[in-house]
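Here is a walk through one protein chain, written for someone meeting protein structures early on. Keep the 3D view open and look up each residue as it comes along.

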Amino acid sequence: MKYLSAIALSAAMLCSAASAMAADAREAFLSAPARVIPLLPNNTRLDMLDYFNSGLSTASSNSMKGQSRILALSDQAISIQLTEASQLDIATLPAGSDTLIAVINTVATPAPDSKLTIFTPGWKSDITATAFTRPAVKDWLTAEGKKNAQDVESLVPFMLINYSYDPASATLTLTNNTASFMSDDIYSLVADYLKPQLTYKWNGRKFVAQK
């Protein structure tokens with residue numbers, strides 16, 4: 001019985017550790033698998049945290065021989081400069097008794113353009129498809145833009161969108177950077193037809209678009 005009790009206790013401890021793995025942004029950063037942060041081995045991540053906690057701006061060498069550093073850190077979010085042209089943001093999302101993990105990868109090409117991925121605890125599953133719907137061009141149209149949707153879509157082949165998440169307000173803000181890759185004369189034709197920003201609120205299950 002003692003042997004079985006020990007096994008049960010160990011199992012409980014393992015389950016507790018797994019559920020706490022992404023309890024805060026620091027642990028999420030350290031526990032992220034290589035497929036999520038391939039440029040930063042675990043030892044490098046520990047060094048980066050040590051530098052940041054010591055108030056140092058010292059950069060760490062990533063696996064591509066570039067320089068990476070932590071820009072900001074709180075219990076709910078961490079921002080990392082991966083390279084000179086890319087940034088990684090990790091935030092924890094409360095979901096009932098669980099804690100989901102949001103990852104925003106942003107690349108400057110030529111203006112910041114982001115991708116959001118949402119994982120279950122322990123990085124087990126990618127549930128982005130059920131937790132967030134990336135807006136299409138039609139979702140960016142103003143009232144006047146909807147009247148000229150065909151013209152807008154013919155002039156705007158794709159959009160560059162920067163994502164930022166504020167844990168305090170559970171708000172995801174998407175900023176339209178499309179003007180940065182289009183000539184002024186072309187963008188001026190659609191500038192009044194496209195919204196500058198879209199906002200979403202985390203409701204514990206998914207990000208919901210705000211009017």
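## Tyr 165 and the β7–β8 hairpin

Start with Tyr 165: its bridge partner in β8 is Leu 172. This comes from a predicted model, so keep that in mind as you read on. That partnership belongs to a bigger set, since six bridges join β7 to strand β8 (residues 171–176). The two strands run antiparallel.

What sits between the two strands of this hairpin? There are four residues there. Ala 170 lies in that loop between β7 and β8, and it takes a positive phi of about 55° although it is not a glycine. Is Ala 170 buried or exposed? Its relative accessibility is 18%, and anything under 20% is called buried, so Ala 170 counts as buried.

## Two faces of one strand

Now follow the side chains along β7, because they alternate. Ile 161, Tyr 163 and Tyr 165 point to one face and are buried. Asn 162, Ser 164 and Asp 166 point to the other face and are not buried.

Asn 162 is a good one to zoom in on. It has its place in strand β7, and its C-alpha is 5.6 Å from the C-alpha of Leu 174, with their positions twelve residues apart in sequence. Leaving out residues up to four places away in sequence, Asn 162 touches Thr 106, Pro 112, Ser 114, Thr 173, Leu 174, Thr 175 and Asn 177. With Ser 114 there is also a polar contact, side chain to side chain, at 3.4 Å.

## Aromatic company

Back to Tyr 165, this time for its ring. A search of the whole structure turns up seven aromatic pairs. In one of them, the ring centres of Tyr 165 and Phe 207 are 5.8 Å apart and the planes meet at 80°, so this pair is edge-to-face. The pair links distant parts of the chain: Tyr 165 is in strand β7 (residues 161–166) and Phe 207 is in strand β10 (residues 207–209), 42 residues apart. Both Tyr 165 and Phe 207 are buried.

These two rings have company, too. One aromatic cluster is formed by Phe 132, Tyr 163, Tyr 165, Tyr 200, Trp 202 and Phe 207. Elsewhere, Phe 29 has a charged visitor: the charged end of Arg 45 sits over its ring, 6.0 Å from the centre.

## The six-stranded sheet

Which strands make up the open sheet, and in what order? Six strands do, running β1-β2-β3-β4-β5-β6, and the pairing is antiparallel. At the edges are β1 (60–61) and β6, each of which pairs on one side only.

Within the sheet, four bridges join strand β2 (residues 67–73) to strand β3 (residues 77–83). Ile 70 stands opposite Ile 80 in β3. Further along, strand β5 (residues 98–108) and strand β6 (residues 112–119) are joined by eight bridges. Val 103 has Thr 117 in β6 as its bridge partner. β5 and β6 form a hairpin too, with three residues between them.

## Two loop residues to find

Trp 123 lies in the loop between β6 and α4 (128–131). Its phi is positive, about 60°, although it is not a glycine. How much of Trp 123 is accessible? The relative accessible area is 3%, so Trp 123 is buried.

Asn 148 is another loop residue, placed between α5 (143–147) and α6 (149–155). It has a relative accessible area of 19%, so it is buried. The side chain of Asn 148 reaches the backbone oxygen of Glu 144 at 3.0 Å.

## Stepping back

Time to zoom out to the whole chain. It has seven helices and ten strands. Of its 211 residues, 39% are buried. The chain exposes about 11800 Å², and carbon and sulfur atoms supply 55% of that area.

How do contacts spread along the sequence? Take those in the chain between residues at least 6 apart in sequence: 42% of them join residues at least 24 apart. The pair of Tyr 165 and Phe 207, 42 residues apart, links distant parts of the chain as well.

Key. Residues numbered from 1 in each chain as written. Predicted model: local features only at pLDDT ≥ 70, side-chain atom pairs only at ≥ 80, totals over all residues. Heavy atoms only, no water. Phe/Tyr/Trp six-rings, centres within 6.5 Å; stacked < 30°, edge-to-face > 60°. Buried < 20%, exposed > 50% of the residue type's maximum accessible area, 1.4 Å probe, protein only. Lys NZ or Arg CZ within 6 Å of the ring centre and 35° of its normal. Pairing = 2+ DSSP bridges. Contact = heavy atoms within 4.5 Å. Areas by Shrake-Rupley, 256 points an atom, 1.4 Å probe, with all protein chains shown as cover. Polar contact = N/O pair within 3.5 Å; in protein donor to acceptor, adjacent residues only side chain to side chain.
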